[in-house]
Amino acid sequence: MIKRYYMPTQVFMGEDCVKSNSQLFLQMGKKALIVTGKNSAKINGSLDDVLEVLKSNGQEWALYDRVMSNPTIESVYEGAAFAKSENVDFVVAIGGGSPMDAAKAINLLTCQDIPEDKLYEGQYSDRILPMIMVPTTAGTGSEVTPYSILTNHRLQTKKSIGSPILFPKIAILDAKYTDNLPKEITINTALDALSHSIEGMLSINANPITDSIALESIRRISLCFENLKSGQLTRKQRFELLYASTLGGMVIANTKTTAVHSMGYSLTYFHDIDHGRANGLLLGEFLRYLEKSWPERIKEILSAMGMSTVNEFITMLDELLGEREKLTDEEIEKFASIAAKSPNVKNSPIVPDMEDLIRILRNSMNR
Ligand code: NAP
Ligand code: FE
């Protein structure tokens with residue numbers, strides 16, 4: 001099989017790199033649509049920095065600050081209606097994966113008339129506004145992926161829109177915005193990033209480039225495990241997590257995710273479990289499942305974290321996750337059957353069937 005690696009997003013990183021790269025904003029046009037969540041960007045300094053740059057550049061903006069976690073299809077249509085009325089030239093997303101994903105979909109729906117029933121068909125034209133992404137969590141890597149993951153109430157799950165036109169033009173990484181991220185969100189998002197890099201290594205689309213990036217990302221996150229447990233992270237470690245999460249995004253942008261994400265979506269949809277936590281709950285048992293047929297690959301992943309057994313990995317996850325939510329037998333069957341229909345389940349070389357999915361879910365949640 002021919003393998004390829006593609007990454008069109010330019011990445012800028014370092015302290016104060018929004019303000020020190022004001023020309024990046026200037027090149028984009030006269031008026032920005034700023035897409036963000038309700039509160040955090042107003043507190044962590046990220047919105048102030050972007051507004052200062054736009055003001056000093058003499059650029060205008062319209063602020064859309066209504067993005068909720070796990071954005072819904074309805075909400076991005078609402079955002080697009082707002083963007084259309086504001087005649088914007090480019091999009092700046094500030095926040096975690098939710099505002100970044102919402103911004104991609106809002107952008108698409110602002111530039112193209114796509115009815116809801118055609119949204120997932122992927123038949124898009126090239127029309128899209130240039131996007132700058134400023135992540136303020138260290139987890140999703142959405143700043144470098146071509147995906148927008150939306151909550152789909154009709155299908156009762158989360159489903160991804162994917163297209164190369166959704167790659168942001170620019171990602172700006174400044175860990176100072178993550179300084180006051182609460183412990184739980186820090187852990188959950190770090191587990192999302194870890195999951196991306198590990199799942200990327202377990203994907204049929206993995207290649208030597210994504211493997212190198214994934215191993216580097218896994219190694220850097222693992223060096224923060226102890227501090228994640230205590231919740232005491234230095235700025236340098238915050239940067240390590242942010243950088244590792246962007247690396248994880250570069251991995252899945254090419255490999256996609258696997259059954260872990262597919263099953264995790266139900267934990268989020270039906271139990272309101274944070275996206276990263278959902279993946280963290282399932283990751284250990286997925287490794288145990290694959291270890292039987294692919295021991296050398298699992299060993300490679302474990303040794304990047306300085307570990308030698310899957311049990312050791314699960315013990316570490318337990319310390320980060322605390323008590324696990326419980327599922328009923330009916331829920332386990334239902335979540336397994338929803339995951340079985342998701343295309344990403346088929347992304348690992350050993351494809352779990354219904355029984356495997358049920359076992360992974362049961363062993364992960366009801367131990
Ligand atoms: P999120 O839903 O974006 O944010 C979670 C919470 O963290 C929100 O309450 C947010 O507040 C707060 N927050 C964000 N930055 C903060 C900061 N610096 N300090 C304090 N609080 C902060 O969570 P996320 O885990 O980053 O993103 C999850 C979403 O990304 C899911 O929908 C998931 O499916 C998606 N995702 C996408 C990709 C992709 O490739 N596109 C990959 C993985 C996951 P505010 O709402 O006030 O901002
Ligand atoms: Fe994810």
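Begin by colouring the protein chain in two parts, domain 1 (10-177) and domain 2 (181-365), into which the chain is divided, and keep in mind throughout the tour that this is a predicted model. If you place a marker at the C-alpha centre of domain 1 and another at that of domain 2, the two markers will lie 25 Å apart.

**Where the domains meet**

Next, select the residues on either side of the boundary, where 28 residues of domain 1 are in contact with 27 residues of domain 2. The size of an interface is often given as the accessible area lost when the parts come together. Between domain 1 and domain 2 the buried area is about 2,300 Å², and carbon and sulfur atoms give 66% of this area. Now show Ala138, Gln156 and Ala175, which together supply 24% of the area that domain 1 buries against domain 2, more than any other three residues.

Polar links can be looked for in the same view. How many salt bridges are counted between domain 1 and domain 2? The count is 1 salt bridge, and there are also 7 residue pairs in polar contact between the two domains, with both residues of each pair at pLDDT 80 or more. Select Glu15 and Arg235 to see a salt bridge in which the closest N and O atoms are 3.5 Å apart.

**An open pocket**

Move on to the second largest pocket, which has a volume of about 260 Å³. It is lined by 16 residues, and those closest to its centre, which are the ones to select, are Arg4, Tyr147, Ala253, Asn254 and Lys256. Colouring the lining by residue type will give 8 nonpolar, 5 polar and 3 charged residues, while colouring by domain will show that domain 1 and domain 2 each provide at least three residues of this lining.

**Enclosed spaces**

Rolling a probe the size of a water molecule over the atoms shows where empty space is left. A search of the whole structure finds 3 cavities of 30 Å³ or more, and the largest cavity has a volume of about 50 Å³. To frame this largest cavity, select its lining residues, namely Ala138, Thr178, Leu181, Thr186, Thr189, Ala190, Arg238 and Leu241. Ala138 should already be familiar, since this residue was also one of the three selected at the domain boundary.

Conventions:
Residues are numbered from 1 along each chain as its sequence is written. Chains are lettered from A and ligands numbered from 1 in the order in which they are written. This is a predicted model: local features need pLDDT of at least 70, side-chain atom pairs count only at pLDDT 80 or more; totals for chains, interfaces and linings use all residues. Side-chain values use heavy atoms; hydrogens and water are left out. On a 1 Å grid over the protein atoms alone, a cavity is a set of points where a 1.4 Å probe fits but cannot get out, and a pocket is an open set with protein on both sides within 12 Å along at least five of seven lines; lining residues have an atom within 4 Å of a point. Grid points are joined across faces, edges and corners, and a volume is the space filled by probe spheres set on the points. Ala, Val, Leu, Ile, Met, Phe, Trp, Tyr, Cys and Pro count as nonpolar, Asp, Glu, Lys and Arg as charged, and the others, Gly among them, as polar. Domain bounds come from an automatic or database domain assignment. Contact means heavy atoms within 4.5 Å. Buried area is the accessible area (1.4 Å probe) that two parts lose on being put together, summed over both. A salt bridge is a side-chain nitrogen of Lys or Arg within 4 Å of a carboxyl oxygen of Asp or Glu. A polar contact is a pair of N or O atoms within 3.5 Å; within protein, one must be able to donate a hydrogen and the other to accept it, and residues adjacent in sequence count only if both atoms are side-chain atoms.
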